[in-house]
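Visitor: Please take me in close to the ligand site of this model. I would like the contacts, the lining and then the protein around it.

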Amino acid sequence: MMSVETLDKLAERAEEIISYDPATGEEVGRVPIASAEEVALAVKRARQAQVVWSLESYRERARFIMRARQIALDELEEIATLISRETGKPVAEAISMELVPTLDLMQFFARRTHHLLRPEKINIGQYGLMGRASHIIYKPLGVVGIISPWNFPWAIPLGEVVMSLMAGNSVVLKPSELTPLTGLKIGDVFKRAGLSEGLLQVVSGDGRTGAVLVEAGVDKIMFTGSVQTGKRVAQSAAKTLTPVVLELGGKDPMIVLEDADIETAASAALWGAFCNSGQACASVERCYVHEKVAQAFIESLVEKTRALKQNIGTSEDADLGAMSSERQLRTVEEHVHDAISRGARVLAGGRRSSSLKGSFYEPTILADVDHTMIVMREETFGPVLPVMTFKTEDEAVRLANDSVFGLTASVWTKSVRRGKRIAERIEAGTVMVNEVLYTHGIAQTPWGGMKQSGLGRTHGRLGLLELVAPQHIHVNRIARLRDLWWFGYSPGAGRLFRGLARRFATGNPLQTSLLLPQMLRRLVKKQDSRKDERDEARTMNDNQ
Ligand code: NDP
């Protein structure tokens with residue numbers, strides 16, 4: 001149920017959101033803001049529609065996903081241009097980082113969900129020898145509420161929509177107020193794929209609409225956004241114990257060891273830090289490079305940074321587009337300003353673009369940084385890469401782990417074995433060896449953070465399991481026999497229980513077999529006493 005306070009707040013607000021292109025300031029479009037009543041109605045409709053949907057086979061559900069996929073593919077250019085206009089990112093990047101991975105994810109979950117969620121037998125050890133069997137089935141949750149950010153307005157919500165639907169749920173999606181048209185486009189694609197309307201509803205609005213959705217009685221909230229909002233969502237969901245997955249911010253480190261391929265590592269740092277203008281949760285936000293190779297690495301990085309082309313996203317040759325909002329650009333300015341005031345050196349960029357009018361910030365490399373600076377501690381979420389040096393592997397690991405965040409990290413070395421060893425010491429949900437940032441695009445692998453980067457997972461089997469209720473079914477195939485541990489306690493039973501503690505609980509059937517005579521005696525005695533009870537009852541009946 002929504003609180004009265006939330007309803008009052010909704011009543012006060014404006015009725016539409018205007019989406020602007022951050023590169024040009026032009027209006028992209030307007031959408032109405034869903035009222036609290038509309039959100040409640042959407043959840044109600046979703047609940048009704050889900051009942052029938054949950055009875056559909058995986059094959060039937062997959063048909064809708066694949067039809068929606070075909071529509072998205074047919075309209076790839078239009079969708080990518082819309083994403084670019086709402087976010088500022090290059091069209092090419094909208095295709096490579098949003099369309100390609102989701103088209104892949106759609107076919108993957110359409111084809112594989114039946115396999116990933118197949119009922120599973122559980123080996124229950126010696127209980128199995130006693131005629132018992134257990135298995136797990138995965139049931140849909142009901143209605144899933146998805147609240148998504150503006151930085152990947154197509155890829156993030158769409159992946160969760162597809163997985164939720166394939167798992168048999170219905171969805172109410174609240175996109176970011178900065179990218180409402182991309183959110184509505186997702187709904188439109190599925191509608192034209194023939195999905196019944198209640199199964200996927202998009203409620204446009206701002207943070208207050210998101211807050212209403214959290215309290216609207218959904219069965220799960222999939223939230224992606226900042227740590228600050230994530231904590232608020234968790235608090236609010238706790239009132240009804242609504243489960244939440246929180247995909248939050250990051251301050252992802254990249255460690256370049258002395259034996260890394262320096263040119264490749266520099267190119268990776270460049271893309272990892274500056275794609276999407278640094279507005280990816282898994283952007284490289286801190287770079288630690290071994291002091292022996294630091295000079296060569298930094299020189300290469302600076303040269304490559306200066307060669308990047310910045311322009312409006314619809315221009316074919318733009319490497320970097322505009323930042324998605326002035327608010328985000330101001331955060332970047334504050335972080336860079338703080339770093340400079342504490343002694344950091346700007347090796348490239350360090351200011352908003354003087355030649356482009358919109359929200360453009362130049363790709364920036366900072367040196368002489370340390371962990372007292374905001375730019376090394378808080379999420380910058382912009383095109384800024386601070387670089388620090390280290391002397392030893394232990395120092396690099398310590399610096400990487402010195403953060404409240406733990407989303408992704410990367411280690412660069414020619415020795416894969418060394419890379420994997422270091423990866424295991426780093427506190428992050430994903431650690432890549434000789435790779436950077438992109439694994440959100442792999443449908444098969446789990447995505448999620450440690451520490452304040454979040455709770456739970458999206459993508460892969462672990463992500464799918466967040467969208468179902470596991471149910472354990474346990475069967476006793478020898479229904480006629482009572483259990484050894486039921487009532488009828490006696491000194492003999494006590495001796496058997498002590499024997500069970502010493503032998504059965506070792507997990508070794510040979511040890512348990514030594515108790516067989518005692519066990520049989522108790523079973524026979526119990527059968528006898530059951531027979532005695534029946535005889536007694538019969539006699540009483542006869543006497544009446
Ligand atoms: P926000 O936390 O500001 O917003 C995220 C979503 O929550 C938006 O739809 C927003 O609506 C909505 N919202 C705002 N207030 C509330 C509320 N009280 N209750 C419920 N919903 C609310 O994040 P941003 O959109 O600014 O996204 C950037 C952040 O997202 C960064 O920190 C980034 O690291 C993180 N992120 C994490 C990812 C991950 O996988 N771990 C992936 C991508 C981004 P509105 O926009 O309308 O205000």
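Guide: What follows starts at the ligand and works outward. Keep in mind that the model is predicted.

Begin with the shell. It holds 31 residues around the ligand. Those that come nearest are S148, S226, T229, L248 and E379.

Now the polar pairs. S148 uses its backbone: one of its polar backbone atoms is 2.7 Å from an oxygen atom of the ligand. W150 uses its side chain instead, with a polar atom 2.9 Å from a ligand oxygen. S176 also brings a side-chain N or O atom, 3.0 Å from an oxygen atom of the ligand. How much of the ligand does the protein bury? Taken alone, the ligand exposes 900 Å², and the protein buries 91% of that.

Which elements give two or more residues to the shell? They are helix 9 (207-214), strand 8 (220-224) and helix 10 (227-238). By class, the shell mixes 13 nonpolar, 11 polar and seven charged residues.

Next, step back to the whole protein. It has 20 helices and 20 strands. Its C-alpha trace spans about 105 × 55 × 45 Å along the principal axes. Of its 544 residues, 54% are buried. The protein exposes about 25,000 Å², and carbon and sulfur atoms supply 54% of that area. Take the contacts with a separation of 6 or more: residues 24 or more positions apart account for 71% of them.

The packing comes next. In soluble globular proteins, nonpolar side chains tend to be buried together. Here the largest nonpolar core has 51 residues. The members that touch the most others are I65, F109, W154, V162, L165, F190 and L195. Helix 5 (residues 91-116) gives the most to this core, with 10 residues. V162 shows the packing at one position: beyond its sequence neighbours up to four places away, V162 touches I65, L105, M106, F109 and F190. Another core lies apart from that one. This other core has 40 residues, including F274, I365, L385 and L437.

L158 gives a second view of the packing. L158 is in helix 7 (residues 155-166). Its relative accessible area is 1%, so L158 counts as buried. Leaving out residues up to four places away in sequence, L158 touches T102, M106, I186 and F190. T209 sits 51 residues from L158 in sequence, and their C-alpha atoms are 19 Å apart.

Helix 15 (residues 393-401) also has a buried side. Its buried residues are E393, A396, V397, L399, A400 and N401. What covers them? The cover includes strand 10 (252-256), strand 11, strand 14 (384-390), helix 16 (416-423) and strand 18.

Now two backbone details. Most residues other than glycine have a negative phi. N276 departs from that, with phi near 55 degrees. N276 is in the loop between helix 11 (262-274) and strand 11 (284-290). At a relative accessible area of 4%, N276 is buried. L437 also has a positive phi, of about 65 degrees, although it is not a glycine. L437 lies in the loop between strand 17 (430-433) and strand 18 (450-451). Its relative accessibility is 5%, so L437 counts as buried. L437 is also among the residues of the 40-residue core.

One more loop is worth a look. S315 is in the loop between helix 12 (294-306) and helix 13 (326-341). Is S315 buried or exposed? The cut-off for buried is under 20% relative accessible area. S315 has 17% relative accessibility, so it counts as buried. Its side chain makes a polar contact with the side chain of D317 at 2.9 Å. The S315 side chain also makes a polar contact with the side chain of N311, at 3.4 Å.

Finish at R495. R495 is in helix 18 (residues 491-502). R495 has 54% relative accessibility and therefore counts as exposed. I71 is 424 residues from R495 along the chain, and their C-alpha atoms are separated by 70 Å.

Methods
Residues are numbered from 1 along each chain as its sequence is written. This is a predicted model: local features need pLDDT of at least 70, side-chain atom pairs count only at pLDDT 80 or more; totals for chains, interfaces and linings use all residues. Side-chain values use heavy atoms; hydrogens and water are left out. A residue is near a molecule or strand if one of its heavy atoms lies within 4 Å of it. A polar contact is a pair of N or O atoms within 3.5 Å; within protein, one must be able to donate a hydrogen and the other to accept it, and residues adjacent in sequence count only if both atoms are side-chain atoms. Accessible areas come from the Shrake-Rupley method with a 1.4 Å probe; for residues, only the protein chains shown count as cover. Helices (H or I, at least four residues) and strands (E, at least two) are DSSP runs, numbered from the N terminus. Ala, Val, Leu, Ile, Met, Phe, Trp, Tyr, Cys and Pro count as nonpolar, Asp, Glu, Lys and Arg as charged, and the others, Gly among them, as polar. Buried means under 20% relative accessible area, exposed over 50%, partly exposed in between (1.4 Å probe, protein chains only). A nonpolar core is a set of buried Ala, Val, Leu, Ile, Met, Phe, Trp, Tyr and Cys residues joined through side-chain atoms within 4.5 Å. Contact means heavy atoms within 4.5 Å.
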